[in-house]
Amino acid sequence: MTVLTSMRRALPGPANFGSDAVLEFYGGLVTGMPVDDVLSRLGADYHPQVLYDLDRLLREYAIAENRVHEAKALRVGPRDSLTSARNLLEFEQRFDRMLGYPEQLRPIFKAIVEPLADKSRTSLGFALGDALTVADVYFDVQCERLRRVQQEFQVVLDQIPPRADHATVVQYAAAHAAGMATFGAAPLEDDLASLLAQRTSIPRDQLEALLGSLSTALGSQPELDSLHAANTLRRRPIVTVPGGRHLWAVPGDFIHCALDWAAEACQQGPQLLEAFDKRRQDTCEELTCEVLSQVFGADNVHASVTYPWDGQRPDIDVLVALPGATVIVEAKGGRLTDPARRGAPDRIRKKAAELVDKALDQNARTIEYLRSGASNFQQNRKKWHGTINRTHIVSVIVTLERVDPFASVLPDSGKRAGVPDEGTWFVNLADVLMIADILRHPAEFHAYAATRARINKAGGPRIFVEADALGAWCEHRIAPTTPRPGELILLDTTSSLMNDYYAYSANNRPERPTAGVPGEVLRALDEIQLADPDSWHDLASAALAVPPSRWRPVEKAINQMSGHRVSRRGRKLSRRASSGLAVSDRLIVTVQADDLDPPAPRVHLALDQG
């Protein structure tokens with residue numbers, strides 16, 4: 001079933017949504033069966049049609065459970081933001097297992113656990129980071145097995161008659177997929193520890209302890225009865241069979257549960273758990289600061305700048321101080337507990353207070369201090385003399401834990417004292433790393449962050465997946481929309497742009513998505529930042545609000561003036577561009593060639609004063 005599902009991953013994202021969770025549920029049901037019943041079926045022959053029947057039954061069950069959940073949510077209604085967050089959390093508990101793209105999840109996991117290697121070996125008998133190492137190694141073993149099976153079963157597809165009708169082609173394809181799933185599936189390993197020891201430098205005793213921490217025993221979950229219920233297999237994905245045998249069906253997906261597994265493993269030692277939670281907070285702050293430094297420049301990004309308030313010195317976790325704008329970031333590394341994930345009202349209220357309300361209060365207080373004109377700042381207990389733009393400030397909350405329902409509705413626990421007037425962007429750390437990888441220019445990142453903050457302030461469109469919002473913004477821009485009373489406005493699109501880039505097949509990665517703004521325009525904004533910082537914010541906001549398609553005349557004029565694409569029509573466009581092109585109702589772009597050889601077009605930006 002795992003192989004069959006993985007073959008469907010070539011389909012668009014929505015077609016596969018929930019399939020991982022449903023398979024995890026099926027695995028949990030198997031670990032809840034009587035042990036003897038399972039053992040008696042090992043090695044039994046079955047008709048390939050059983051795979052498709054089981055797939056259908058699992059889908060039907062998932063749809064039925066979702067309808068029950070939807071009916072309950074409709075009966076209760078959206079009483080308040082906490083109720084909306086609870087409904088979304090319960091939906092995620094049932095169907096969502098993707099915490100982001102591995103390209104961003106891996107550095108986060110390593111940054112947290114690698115400094116704890118010695119402590120975890122002492123307390124647990126293995127290093128936490130070795131779990132990802134063995135998952136990667138065993139995934140490679142599985143991929144090699146699947147490649148061999150794929151080569152052997154190619155003969156099935158080769159036998160399709162040249163002029164076969166649709167029904168015949170479907171029959172052959174189904175037989176091919178069933179064969180691949182049957183013979184390419186992960187086997188029951190008699191000695192998984194030895195196999196991993198041969199391919200890693202991890203001592204066998206540590207591997208055995210690690211495998212024990214990653215394993216769920218047959219017969220251990222007889223109470224599991226729904227997708228919403230706690231399933232040990234979610235964090236301990238290896239099924240242990242009597243006799244020391246192991247079945248690890250999906251090692252390639254371990255990164256999505258790695259931090260939850262590590263937190264559970266650390267509970268064996270209170271001091272280790274305390275150190276783990278501290279590393280979570282430190283990592284959330286450190287990686288946020290690091291990645292924003294890559295975008296805005298290290299000289300403009302500062303960690304832990306403090307200021308006086310009510311006899312104390314609260315700190316700004318990350319401060320981006322550009323001449324033309326400011327970004328303040330409150331980083332939260334706290335964990336969301338299992339009861340909160342399953343929608344327990346009291347736990348949701350507590351976590352909303354911790355991750356949302358407290359952070360909003362902190363950012364609102366910081367903005368109030370900045371706009372007061374005071375400047376008693378310190379960093380590392382020394383006076384900090386940086387220049388801060390006190391007019392244009394973007395409020396951001398970065399959480400290490402992915403809590404998309406909180407990002408969507410910003411639930412109010414009743415404990416917030418203040419909120420930033422211009423909204424706040426609530427975003428997961430993995431998404432920050434993704435966005436910084438795509439929007440690498442200060443004007444791009446700032447404009448997107450400000451837009452997301454204003455969307456949350458306006459209440460629409462409601463965004464459930466940050467990658468979708470980023471993709472839509474890159475392709476055609478998105479803007480805040482205020483819904484009417486009782487109205488819900490959704491961003492109802494998935495982003496093939498981001499999925500194609502980050503979930504690419506081997507050796508076939510597409511070009512990196514961009515905001516679609518000509519490089520000459522971004523360079524013009526850099527010059528404005530230095531020469532006229534008071535104008536930078538409005539010009540950058542206007543430029544980044546222009547959809548990519550509206551930049552085409554500017555790009556053509558630039559190419560004409562630089563001699564790349566010369567044509568009669570291009571010369572006419574160049575003459576127009578030298579006098580100014582209105583790319584939006586706010587922004588006029590002028591393109592002029594200098595006297596260099598070859599000529600280097602220069603771009604000038606101005607707001608339309610009409």
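**Exercise 1. The loop between β4 and β5**

Find which residue in the loop between β4 (301–306) and β5 has a positive phi although it is not a glycine, and state whether Asp310 is buried or exposed.

Solution.
Step 1. Locate the residue: Asp310 lies in the loop between β4 and β5. Strands (E, at least two residues) and helices (H or I, at least four) are DSSP runs, numbered from the N terminus.
Step 2. Read the backbone angle: Asp310 has a positive phi of about 50° and is not a glycine. Most residues other than glycine have a negative phi.
Step 3. Apply the accessibility classes: buried means under 20% relative accessible area, exposed over 50%, and partly exposed in between, with a 1.4 Å probe and protein chains only. Asp310 counts as exposed because its relative accessibility is 71%.

A note on the model: it is predicted, so local features need pLDDT of at least 70 and side-chain atom pairs count only at pLDDT 80 or more, while totals for chains, interfaces and linings use all residues. Residues are numbered from 1 along each chain as its sequence is written, and side-chain values use heavy atoms, with hydrogens and water left out.

**Exercise 2. Backbone around α20**

Describe the backbone at Arg477 and at the bond between Gly460 and Pro461.

Solution.
Step 1. Arg477 lies in the loop between α20 and α21 (496–502). Arg477 is not a glycine, yet has a positive phi of about 70°.
Step 2. Arg477 counts as buried, because its relative accessibility is 8%.
Step 3. Pro461 is placed in the loop between α19 and α20 (466–476). The peptide bond that joins Gly460 and Pro461 is cis, with omega about 0°. Most peptide bonds are trans.

**Exercise 3. The sheet**

Give the strand order of the open sheet, name its edge strands, and say how β7 is joined to β8.

Solution.
Step 1. Seven strands form the sheet, in the order β8-β7-β4-β5-β6-β9-β10, with mixed pairing. Two strands pair if DSSP finds at least two bridges between them.
Step 2. The edge strands, each pairing on one side only, are β8 (382–383) and β10 (424–428).
Step 3. β7 (residues 378–379) and β8 run antiparallel and are joined by two bridges. Gln378 stands opposite Lys383 in β8.
Step 4. Add the helix: α19 (residues 442–458) lies across β6 (326–332), β9 (393–399) and β10, and runs at about 110° to β10. Axes are lines fitted to C-alpha atoms, for helices over the stretch in contact, and angles run from 0 to 180 degrees between N-to-C directions.

**Exercise 4. A buried charge**

Which side chain of opposite charge is nearest to Asp317, and which residues does Asp317 touch?

Solution.
Step 1. Asp317 lies in strand β5 (residues 315–321).
Step 2. Lys and Arg count as positive and Asp and Glu as negative, while His and the chain ends are not counted. A salt bridge is a side-chain nitrogen of Lys or Arg within 4 Å of a carboxyl oxygen of Asp or Glu.
Step 3. The nearest side chain of opposite charge is Lys332, 6.1 Å away; Asp317 is buried and has no salt bridge.
Step 4. Contact means heavy atoms within 4.5 Å. Not counting residues up to four places away in sequence, Asp317 touches Glu285, His302, Ala303, Ser304, Val329, Glu330 and Ala331.

**Exercise 5. Salt bridges**

How many salt bridges does the rule give, and where do Glu65 and Arg94 lie?

Solution.
Step 1. The count is 34 salt bridges.
Step 2. Glu65 and Arg94 form one of them, at 3.1 Å from N to O. Glu65 is in helix α5 (residues 49–76) and Arg94 in helix α6 (residues 81–95), so the pair links distant parts of the chain, 29 residues apart. Both Glu65 and Arg94 are buried.
Step 3. Arg416 and Asp357 meet in a salt bridge of 2.7 Å, N to O. Asp357 counts as buried at 1% relative accessibility, whereas Arg416 is partly exposed at 25%.
Step 4. A network of salt bridges links Glu92, Arg280, Arg341 and Glu401.

**Exercise 6. Cysteines**

How many disulfides does the structure hold?

Solution.
Step 1. A disulfide is a pair of cysteine sulfur atoms within 2.5 Å. The structure holds zero.
Step 2. Cys143 is in no disulfide, and the nearest cysteine sulfur, that of Cys257, is 17 Å away.
Step 3. The closest cysteine sulfur to that of Cys289 is in Cys284, 12 Å away, which is too far for a bond.
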